[in-house]
Amino acid sequence: MSQPNRLSGGLIDRSAELSFSFAGEIYKGHPGDTLASALLANDVRLMGRSFKYHRPRGPLAAGSEEPNAIVELRSGARREPNTRATTAELYDGLVAEPQNCWPSLRLDAMAINDKLSNFLTAGFYYKTFMWPAAFWEKLYEPIIRKAAGLGSLSMEEDPDTYDKGFLHCDLLVTGGGAAGLMAALTAGRAGRSVILADEDFTFGGRLLAERESVGGMAGADWAAQAVAELATLPSVRLMPRTTVIGAFDHGIHGALERVSDHLAVPAEGKPRQILWRIYAEQSLLCAGAIERPIAFENNDRPGIMLAGALRTYANRYAATPARRVAIFTCNDNGHRSAADLHAQGIEIAAVIDTRADAPDSDNYPVHKGAQVIDSRGRLDLKSVRVREADGTEHMIPCGALGVSGGWNPNVHLTCHQRGRPVWDDALSAFVPGKDLPPGMTVAGAARGIFSTHGALASGADGAAEALGIAAADVPTADDAPVSQTPFWYVEGCSRAWLDQQNDVTVKDVKLSHQEGFRSVEHLKRYTTLGMATDQGKTSNIGGLAIMAEIAGKSIPEVGTTIFRPPYTPVAIGAFAGRMRGKEFHPTRLTPSHYWAEERGAVFVEVGNWLRAQWFPLPGEKHWRESVDREVRATRASVGVCDCTTLGKIDVQGVDAAAFLNKLYCNGFAKLAVGKVRYGLMLREDGIAMDDGTAARLAEDHFVVTTTTANAGRVYQHMEFVRQCLFPDMDVQLVSTTEAWAQYAVAGPNARKLLQKVVDPEFDLSNEAFPFMACGEITVCGGLRARLFRISFSGELAYELAVPARYGDAMMRRLMDEGAEFDVVPYGTEALGVMRIEKGHAAGNELNGTTTALELGMGRMVSTKKDSIGTVLSKREGLNEEAGLRLVGVKPLNPADRITAGGHLMNAGGPVDAAHDQGYVTSAAYSPDMGSMIGLAFVKSGDARLGEKMRLVSPVTDLTVDVELASAHFIDPEGGRQRA
Amino acid sequence: MHSLTPITALGGAQPRIDTIAEMTLTENPGLALASIAARRGHEEACKDHLRALIGDVPGPGRSQLHDPEAAFWTGPDNWMAGAPFDTHEDLAAQLKARFGETASITEQTDAWVCFDLRGDGIEAVMERLCAIDIRTMVTGDAQRTVIHHLGFFVLRRDPADWLRILGPRASAGSLHHAIVTAMKAVA
Amino acid sequence: MIIDHPLLGPRDSSEFVYLGDARMLDRPDPDAPDAARAFYEYGYLRDNPAGPHRELWFHEGGDRSWLVVTRDTVTHEITRVEMARDVARAKGRST
Amino acid sequence: MRYSGFRVIREALRGHTGWGAAWRDPEPKDHYDIIVIGGGGHGLATAHYLAKVHGQHRVAVIEKGWIGGGNVGRNTTIIRSNYLLDGNEPFYELSLKLWEGLEQDLNYNAMVSQRGIINLLHSDAQRDAYIRRGNAMMLNGADAELLDAAAVRKEYPYLNFNDARFPIKGGLAQRRGGTVRHDAVAWGYARGADSRGVDIIQNCAVTGFRIEEGRCIGVETERGFIGAKKVGCAVAGNSGRVMDMAGMRLPIESHVLQAFVSEGLKPVLPGVVTFGAGHFYVSQSDKGGLVFGGDIDGYNSYAQRGNLPTVEDVCEGGMAIMPMIGRARLLRMWGGIMDMSMDGSPIIDRTPVEGLYFNGGWCYGGFKATPASGYCFAHLLATDQPHPVATALRFDRFERGYMIDEKGMGNQPNLH
């Protein structure tokens, strides 16, 4: 028989056989299996190693609370470390490998740590590895790092994709067990929009794992019937394989749908997972309960698991870890497991019940008032040692032990907004507190209602109350009262595991207390209790109980750590969704982009824009060749540059000029129609925010430009000024950045070129259309366009705007018509060179810390009017005589490099921060000057022109003698732009 | 008539059409757009002009579907007007003439790329793209929201399996990629 | 978070840009004799309460309105949302 | 009790019975020379240096909850001194030097691990800015190294060099940067201060200041009035709440910063990497978890928890530069409350109330500053003079126009 521990019945599909491998061995399983259930059916209990001591481990649970059975699932770039075998859905060809072991799972060299455990107690590392100091990084830490960690990443890019999605509903029901199904039926039958999400691939929750009837049929059958009905209701959305990971503000829930994790590879075009943002008016948590273990010596061997999990494997998956099983319990739940297993033909070696009044059974021996005090078995369980009520001890051979310390309501999501659960004495468990996330209510076992009938009824009632509708009829089901007597750990145990993955034992908790780490937060942090991949779902409570006992307090007095999202760990890729690679941010293309591509342009990212950086010609080997050529050609004749990316904001209204007067530190009220003015905008703190131009197209109509980088922030600022500061001004704002393709046409032949495209009725002569003129014109036989005579390059220059869809054709036309002038397109590099040559400030100078005064525009700040930033711009720190001023800088030796980011020191003076004189903001090679030039902020720079200084850049290993100069390297009188 | 040949926002001579399963995404360059912003003190007069033009004044989240001109609400006292490009390339000028001093009119035609998304499954597509509750939007609803950091308008047209999406023109390629990817994911 | 826009109804906060304390509506009189001090306090000092906080949000991914949102900084509960322009007018901010 | 490897072995052999409490749990006295409000990293470090450097032993640290429960226990553990401005860089460099000797100073292994930090750069303008910053660091005596893309690739070959939206063009490295085991910093300072007589009083919230004639003479607490000659407030995150009790408005807003840790993984990341075109920084803890974070949520909050958009933004940044982490799982997210100041830089200064001193405004950079913050605050409390490296960190810099604005974002705290 290929699956020796496969039982009869269960919810697996025996008609199909799936082949899979674990640790290199090939096994068979069935649809409906998890990796863990299939391995157990194949008599494999050893599935992993613990974090610190490398103890052999098998599954503790049958669900997402699993701490032990974690594996590396899949291979190659799809390898997923730390995957819980208990939730991994089996598919044909599944490959899994054990992790955190070497050379093999069965023979793990690092298991030596277990022998040394007495030295490796909680927090031991804080007390040693300190001498000599340099050895930490070199010796101790590398060893620790290598030993630590669990699974391994593939180190390859994740080949799968992830979607994000957004859903809205009246009611989100988290958990599709008895309570959740009834809640969804209640809401769905009333026509209310409801989402039912469950992390499992089959709805039903515990109903799938129990042998009890609901509405006169098997619980699993009732669940299937309910799901079938829900599927017909139009307002219901069923979301299996969907984990609600977090309850965030205002009813927003995160949910992860595993679309393709049960397949070898996602289907074409389909994501692996979807991260849903669910906007829920109301939310009903029906997340059930999680069984808690009992701590005893060596309680972590493969084969020792939660009694309820044992039952789940037998009833749902028709699998058992062994043919001879014992149960250790402090409540009736253990007996239920024993009865179910017995019914499946499993030999029950013993039920060891801590209660003296435990119920009897005809089918197996019950040891009343007894305890399991130790276990044996190297790689899996062979026997347990039992101490009877009378104190006698003996061994009971068994291949598996089911442990039940009772159940804890699964309150995880109730804590996500920092609500704290409260202690319920009757259940000896934490139940949801009062400060739940707004809109959330809790039903079923998650609320501490443990009977099946109670869960069904509370689910129906919960939905009914949340939505103000009538509850659906509840089917008959078991309604026996459930009580829990606490029993946390066996007296005198020491190496008894609480947090199995992180190897935190009872002894560690005691030591932590002894050393003064007495709050639950300190306990957690000092021992790492509850910080493993299972986040302590099965272990936290045991630690608290022991802490309480040592401190002589009750558990609620000790308090509890709170759960934080996500409910179960989520692939980082899922949070990123499609926003990765080239799609990380949207890409903005200029109107001439396709044309520039044809020209072989090299592009550069400028914010989200892609701009042509330069246009290499055949034979040009270095970018500088291309850029120098573009600069020279432009200055010699004419060049064209796409400057569409500058922000353009349409400002209209009777008060448009008054508005701009508030916005810019310089005056705009008197700007004539048909004229453009440079404007400097300050933040209210008096620092330069942005600069640009405002063109007055009509008395009540301006077009304002912003820098590319600041377009969004400036628009937002303008709306703030408009709506919040001057709400009664008649002014309207619209961003038109992308509506117009805008090209700078610069160079001595700019006018001649433009005259060939601008329709003849528009006079472009210097007299009719002088420097800083603007106007609405037509081009190429009647296309509406705008023309601004402004110059960033210092040459005779215009900016021509046409509707964006014609931008491509306009650029091609300018190139065609410009051929006779040897027109060149130029990119952002040449643009940068020419503006540095002219001493125009750009992003490197407008860096958010500089003032108008520092930029050499102190006199622009109007003293005659109020504008944003003027008052605070007068503070002493912004007006120091010896403050920074923008100047030009050039190397004494023209062959020397200078670099932006270099700092300036007095020639012959000390070189250190205390003697820093300023820094270079921008630098470029100027073909005109025949050397590199730069712009710099220098203390009292305007008074130091001609002074020789030393530029130092230790981080690029550069020291250069330089001279301060006027920032206007080219045509300082500005004759060219006025020509 | 001028001599410049337009290209579409996606850079083609012809509009792009993508058909995936039962859904079709069509780039639509045939729309002229202009924003209308009422001037202070002229709000009612502005609305009167708008009503005269398209029959009603759409309120927040709504559009007035009308031929040849139509409009949707974009903000307090702000609307976006649309009309066929072939007949209304000068829409802004036409509106300026009509609205006079009651409104600020700004040409918006080429600020936007327009996509028409039609067919079975378009709600599922939108659910993968944006937070808007697309299933409760009815014909005539017009909302602005965000797809992958891109602000855009979505209008529910008539019939209801037709959505019109207006996104920033320079990002047409990114928006198109996002929509087509979502179409494939839900197909 | 969800901001219940006075005109557009509930909207995801990711459509908005946050500025801060709504006292930024109270730009001081630049001509007052104590303008320097007043602008310093306006620009730099904040009540920063743990509790209800009136604050400015800009609906950048929506209708471009500035809103005054009253939100509890401890619970994040939003109790009131107003159009900033209306608030500014009510405060008597003149042209 | 001195900690050492020998001691660990000896205790192991005798059942660990010899370990005592790492710090006492004393009853508050009626009066102290100096009270430090706030048992976080900064408060505990202040107390430690008051005792150790300035010989002040009548000192109490008063903490409303358990020590180390605030930001020192909920951060991404990065240390570095890669600042640009002269008001900041010497201060953070002092901090880094103190980190380098911390374990020996405290006799506590806080796992100061100088495995280096690299700030990636993605544009020419960013390179210019990083050159300026790297130079400022070096001119202040710190270490800095500018890397080109090839050099970054050699160290981190799995970063996205293939199809990055914002290509990696290099990075600014500080080799002495790294990480520290954050909780251990609080515990180590607490133990250090306690061993020198400082009373660490937990679960004792301050409910008010007693101020008479413009002078602070002590604090009202849940456990009664405690007098003091001087009171120092080091409660970043809650500075607004606490100083409000002294009638002060601050140039500070409280914001939430989220941080994240992945499941444990075998070593992949030797040092700290930060993304220069998005919000993402990451390191790997000794336990194996990827510890990462990004931007603040952006709205005022005292809630110690954040929301999904920021989680997504951070993970988008991570996937953009490090697409091999796609299948690593985010295990846990948490939020800390940041004192976001008006220029992004901290304040260590006297207040208008005599005898009341303030330490706060640490934005999201407080952890790395812990030693220097404590050192300089102790200096101020003990001598009434600012420490030479902290002279710029004054309250009045805003009114006088001497902001220390590293990012150039102006008086909008959520942009720093």
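Mentor: Two strands count as paired here when DSSP finds at least two bridges between them. Keep in mind too that this is a predicted model.

Trainee: Got it. So in chain B, over how many bridges do β2 and β8 pair?

Mentor: Over 5, in the antiparallel sense, with β2(B) covering residues 23-27 and β8(B) covering 112-119. One of the matches is Met23(B), whose bridge partner in β8(B) is Gly119(B).

Trainee: And what's the strand order in the sheet they sit in?

Mentor: The order is β1-β2-β8-β11-β10-β9 in chain B, an open sheet of 6 strands with antiparallel pairing. The edges are β1 (17-20) and β9 (142-147) of chain B; each has a single partner strand, so one side of each has no neighbour in the sheet. On average, neighbouring strands of this sheet are turned by 20° against each other, direction ignored.

Trainee: Switching to the assembly. Which two chains share the most contacts?

Mentor: Chains A and D, out of the 5 pairs of chains in contact. There, 92 residues of chain A meet 87 residues of chain D. On the chain A side, the elements giving two or more residues include β6 (80-84), α3 (135-147), α9 (506-514), α10 (520-527) and β50 (948-953). The biggest giver on that side is α3(A), with 6 residues.

Trainee: What's the mix of residue classes on that side of chain A?

Mentor: It divides into 36 nonpolar, 31 polar and 25 charged.

Trainee: Which strand of chain D does β31(A) bridge to?

Mentor: To β16(D), residues 329-341, through 2 bridges, and the two strands run antiparallel. Val570(A) has Leu330(D) as its bridge partner there.

Trainee: What about B and D, how far apart are their closest C-alpha atoms?

Mentor: 10 Å, and no contact joins those two chains.

Trainee: And how many residues of D are in contact with chain C?

Mentor: 22 residues of chain D, against 17 of chain C. On the chain D side, α8 (239-244), β12 (252-264), β15 (289-300) and α11 (397-400) each supply at least two residues. By class, that side has 9 nonpolar, 9 polar and 4 charged residues.

Trainee: While we're on D, what are its domains?

Mentor: The domain assignment gives domain 1 (26-81 + 84-107 + 182-251 + 343-415) and domain 2 (117-176 + 253-341). Their C-alpha centres lie 27 Å apart. The contact takes 32 residues from domain 1 of chain D and 30 from domain 2 of chain D. On the domain 1 side, α3 (89-100) and α8 of chain D are the elements that give two or more residues. There α3(D) gives the most, with 4 residues.

Trainee: OK, back to chain A. How many helices and strands does chain A have?

Mentor: It has 20 helices and 51 strands. The C-alpha trace spans about 115 × 70 × 55 Å along its principal axes, and 64% of the 979 residues count as buried.

Trainee: How far apart are the centres of domain 1 and domain 5 in chain A?

Mentor: Their C-alpha centres are 65 Å apart. Domain 1 of chain A is 18-115 and domain 5 is 880-979.

Trainee: I also spotted α4 and α8 in chain A packing. At what angle?

Mentor: About 35°, with the axes 7 Å apart. The crossing of α4(A) and α8(A) is right-handed. Among the residues making the contact are Ala179(A), Gly180(A) and Ala183(A) from α4(A), and Gly459(A), Ala460(A) and Ala463(A) from α8(A). The contact has 12 nonpolar, 6 polar and no charged residues.

Trainee: Last one: Thr320(A), buried or exposed?

Mentor: Thr320(A) is buried, because 25 other C-beta atoms lie within 10 Å and the cut-off for buried is 20 or more. Thr320(A) lies in the loop between α6 (307-315) and β18 (324-329) of chain A.

Trainee: Which residues is Thr320(A) in contact with, leaving aside neighbours within four places in sequence?

Mentor: Asn5(A), Leu7(A), Leu40(A), Tyr313(A), Ala314(A) and Ile346(A). Ala711(A), on the other hand, has its C-alpha atom 65 Å from that of Thr320(A), with their positions 391 residues apart along the chain.

Terms used
Residues numbered from 1 in each chain as written. Chains lettered and ligands numbered in written order. Predicted model: local features only at pLDDT ≥ 70, side-chain atom pairs only at ≥ 80, totals over all residues. Contact = placed C-beta atoms within 7 Å. Nonpolar A, V, L, I, M, F, W, Y, C, P; charged D, E, K, R; others polar. Domains from an automatic or database assignment. Axes fitted to C-alpha atoms, helices over the stretch in contact; angles between N-to-C directions. Left-handed = near helix turned anticlockwise from the far one by under 90°. Buried ≥ 20, exposed ≤ 12 C-beta atoms within 10 Å, placed from the backbone.
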